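Here's a quick walk through one structure, taking the cores, a helix, a loop residue and a chain contact in turn. Have a look at it first.

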Amino acid sequence: MTVTTLTHLPGQSRRGERLLIGLAVSLSLLFIAAPLAFIFARAFSRGWEVYAANILHPMTLHAIWLTTITAIIVVPLNVAFGIAAAWAVAKHRFPGRGILVTMIEIPFSISPIIAGICYLLLYGRQGLLGPWLQANDLQVMFALPGIVLVTMFVTAPFVAREVLPLMQAQGTEQEEAAVTLGANGWQIFTRVTLPNIKWALLYGAVLCTARAVGEFGGVSVVSGNIRGQTNTLPLHVELLFNDLNAVGAFAAASTLTLIAIVALLVKAVLEGRKAG
Amino acid sequence: MSISISGLTKRFGQTDVLRGIDLGVEKGELVALLGPSGSGKTTLLKIIAGLEWPDAGQLLVDGADWLQLAAQDRRIGFVFQHYALFPHMSVRDNLAFGLAVRPRNERPGKAVITAKVDELLHFLQIAHLADRYPTQLSGGQRQRVALGRALAIEPNVLLLDEPFGALDAAIRRDLRRWLRGVHEATGSTTIFVTHDQEEAFELADRVVVMGEGKIEQIGHADAIHDHPATPFVARFMGATVELPVTLLAGRAEGAGLDLAALPRRALGDGPARLFTRPEDIVALPDPKAPWRIVTRTSNGANLRLVLRHPDLGEAEVDTPRRATAADALVVDAPVRLRIAFGTIFPDGRKAATATTAQPASISIQEARQ
C-alpha cells in the first residue's frame, strides 16, 4: 500500500511510469554502456595477441607509466591540500574565508585547456617565468612538472569538496573536547578529525585519481605530446587514433576504461560506508 | 581550586559579549551561571576553559595566571551540551582518551589506564556500556559518558555547558541528582551554565545571574527570587507584570492598585516601576476601578485572568479558583489589584536597562497573604 502511494501518484498511470523507466534504461544503454562495450570490442577485434602486443608496446607502456606516476604525485598532494583547505574553512574564522571557498571551486568552472594555456604563458619559454627557469636550467613545460602542475590544478577541488561539508556539519566541538583533554594538535588531527572524515576523504581521493588519470585538455597543452617522453595515456590514445591504429588506440583506451570502472566500483562501495 | 576573575571583557565583531566580569569561585564550590541566551555565560565558561580568549581582564586559578596557559595545559574537564563524544571510539576508549594522549613520560601504563577507566565506569554506573559506541547510547547515557571522559583526567575545574539542555524533563531531574552526587563525591570545583532556573537553584551552591554580558546578581534561590537586584533579574525570575507607580513619602501609589501591603521604603519621590508576579496579584471586584477582565481561563486549581487598563495595557493575574471572591471575577467585571509582593525600582531608562546593576532598589519583604 505504502509503496503504491509513494511510486504511483494520482493522475500518473502505470504505463507512464514504465515508459519513463524504459526511456532511462535505453538512453543509459545507448550513451554509456554501448560505447564502453564498443571500446572492448574494438580492442579485442583482432584477438588477444594483437591486444597484448599493443598494450606491451614500449610507447604505450611508457604512457601508462607516465600517467601512473602523475597520479601518484598529484593525488597525495591534493589530498593534503584538500584536508588543509577544508580544515581551514570549516574549523576557523578568518578574513578572506569566503574567497578561499570560491577559489577552491575555480578549477571546476574553468576549462582545463585554459588552465593549460595559463601555465604555458607563465612557465613557458616565452612565459613570465621562462627566462628565470631557463637560466636555472629548470624544465617545466613539455616535461613531467608541467603535466603534474596542470593535473593538480584540474583535480584540486575533489578532495576539499568532499571533506568540507562533512567537517562543517561536524563543527568543532569534538576538537575542543580533545583540546581540553590535553591532546596536542597532531593527536587531535589523527585521532579525532581524521577518523571522522576518512570515508569522505577516500571517496574524494578516488574521484581525484579518476580525474587525474583521464585528464586530457590541460595536459595536451603543456606536455608537447612527445612520444615516449611526455605522452600520457589519454594523449597516447589520441595519437594512436590519428595514426589510424584503431586497435592500438582502443587497447590503450581499454586500460583507461578499466581504471575508471575500478574507481567507480570503489567509489560506490565508499559511498555506502560514507552514508553508514 | 579557587578561581578569581576580574574585569573580563570580550567582543565578537560589534557585539560586546562580556562587559566586565568579576567573579570568585571557592575551592570545591558548585556554581551555576544562569541567564538567557546571549547573556555571555557560555563565552565566560569557554574563556575559563581556554577555548576562547578575553580582550581584557584577569583569570587566576589558585593564584596562577591561566591566560598564559593553553587549554591543553589547564587540565579542565569540559562537558558539552551535545556531548561531543568521539563517535569512532567505544565508551571505554572515550573515557581513556585524556590519559592516552598524555606525553609519554607522564602517561600512565596501559594497565593503570584500564583500571582507572574501570573504576570510573563503575563510579558513574555505566559499566554495562563499556564496549558500546556513542551512537548506541541514549542521550542521558551519552552525557554520563561525557562527564566520565572529563573526570578521567582528574580535572582542576569541571565546566559544564548546558549539560542537560538536550535531554527530556524526567532524565534531566535524574541526571541533576546524579551530578550533585558526583560533585559531592569528587569535591571538584564545578561551574555549569544553564538557562533553566529550576536546574540552577536545585543544583548549585551559588547562582550567578547574567544578562547582556554582565553579572546582574549573585546569590541563592531565595535571595534572587525575593530581592532581585535589577529589573532584568526581576523579569528573568518571573516578575513579568510591570506597573508604573508613583512614590510619595516612601509609599507607592498607582491607579486601581492597592499597594498597602507593600512597606514604606527609602526612595525619593517620583515615578517608579513595580515588578510583580501574576500569582502575587489579587484581583478584587470594585465597580469604580479602571481594570477590566478581558479573559478568564481555569486550569482547575487556578484562574488565569488577563486584565486591561485603558492607559497601561494588559496584566496577568493568577488566583486560586476557590478563593472567596473568585465567583465575581467574570469577563468585563471591573477590578482593582492588590499587590501582595513585588519589587520597586526607580523609573527612568537607566534603571530599566541591564547596564545599571546598582543596588539602588528596595525590595519588599512581606509575608505572602
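## Nonpolar cores

The largest nonpolar core in this predicted model has 108 residues, and the members that touch the most others are Ala32(B), Ile48(B), Leu159(B) and Val208(B). Apart from that core lies another, made of 58 residues, with Ala71(A), Val74(A), Val163(A) and Met167(A) among them.

Back to Ala32(B): what does it touch once you set aside its neighbours within four places in sequence? The contacts are Phe192(B), Thr194(B), Ala200(B), Leu203(B), Ala204(B), Val207(B) and Val208(B). So Val208(B), which turns up in that list because its C-beta atom lies within 7 Å of the one in Ala32(B), is also among the core members with the most partners.

## Helix α9 of chain A

Now for α9(A), which runs over residues 157-170. Its 14 residues reach 20 Å from first C-alpha to last, close to the 20 Å expected at 1.5 Å a residue. There's a bend, though: about 25° at Leu164(A), with a proline, Pro165(A), following within four residues. Right after the helix comes Gly171(A), with a positive phi near 65°.

Which residues of α9(A) are buried? They are Pro157(A), Phe158(A), Val159(A), Ala160(A), Glu162(A), Val163(A), Leu164(A) and Met167(A). Two of these, Val163(A) and Met167(A), belong to the 58-residue core. An α-helix has 3.6 residues a turn, so residues three or four places apart point the same way. The buried residues of α9(A) pack against four helices of chain A: α4 (58-91), α5 (97-109), α8 (144-155) and α11 (185-214).

## A loop residue in chain B

Ala326(B) sits in the loop between β18 (313-320) and β19 (334-339) of chain B. Is it buried or partly exposed? It's partly exposed, because 18 other C-beta atoms lie within 10 Å, while 20 or more would make a residue buried.

Leaving out neighbours within four places in sequence, Ala326(B) is in contact with Leu303(B), Thr319(B) and Arg321(B). Trp66(B), by contrast, is 260 residues away in sequence and 60 Å away in space, C-alpha to C-alpha.

## Where the chains meet

Between the two chains, 14 residues of chain A are in contact with 18 of chain B. On the chain A side, the elements giving two or more residues are α10 (173-180) and α11. The largest share, six residues, comes from α10(A). Sorted by class, that side of chain A has six nonpolar, six polar and two charged residues.

Notes. Residues are numbered from 1 along each chain as its sequence is written. Chains are lettered from A and ligands numbered from 1 in the order in which they are written. This is a predicted model: local features need pLDDT of at least 70, side-chain atom pairs count only at pLDDT 80 or more; totals for chains, interfaces and linings use all residues. The expected span of a helix is 1.5 Å times one less than its number of residues. The bend at a residue is the angle between axes fitted to the seven residues ending there and the seven starting there. A residue is buried if 20 or more other C-beta atoms lie within 10 Å of its own, exposed if 12 or fewer, and partly exposed in between; C-beta atoms are placed from the backbone. A nonpolar core is a set of buried Ala, Val, Leu, Ile, Met, Phe, Trp, Tyr and Cys residues joined through C-beta atoms within 7 Å. Ala, Val, Leu, Ile, Met, Phe, Trp, Tyr, Cys and Pro count as nonpolar, Asp, Glu, Lys and Arg as charged, and the others, Gly among them, as polar.
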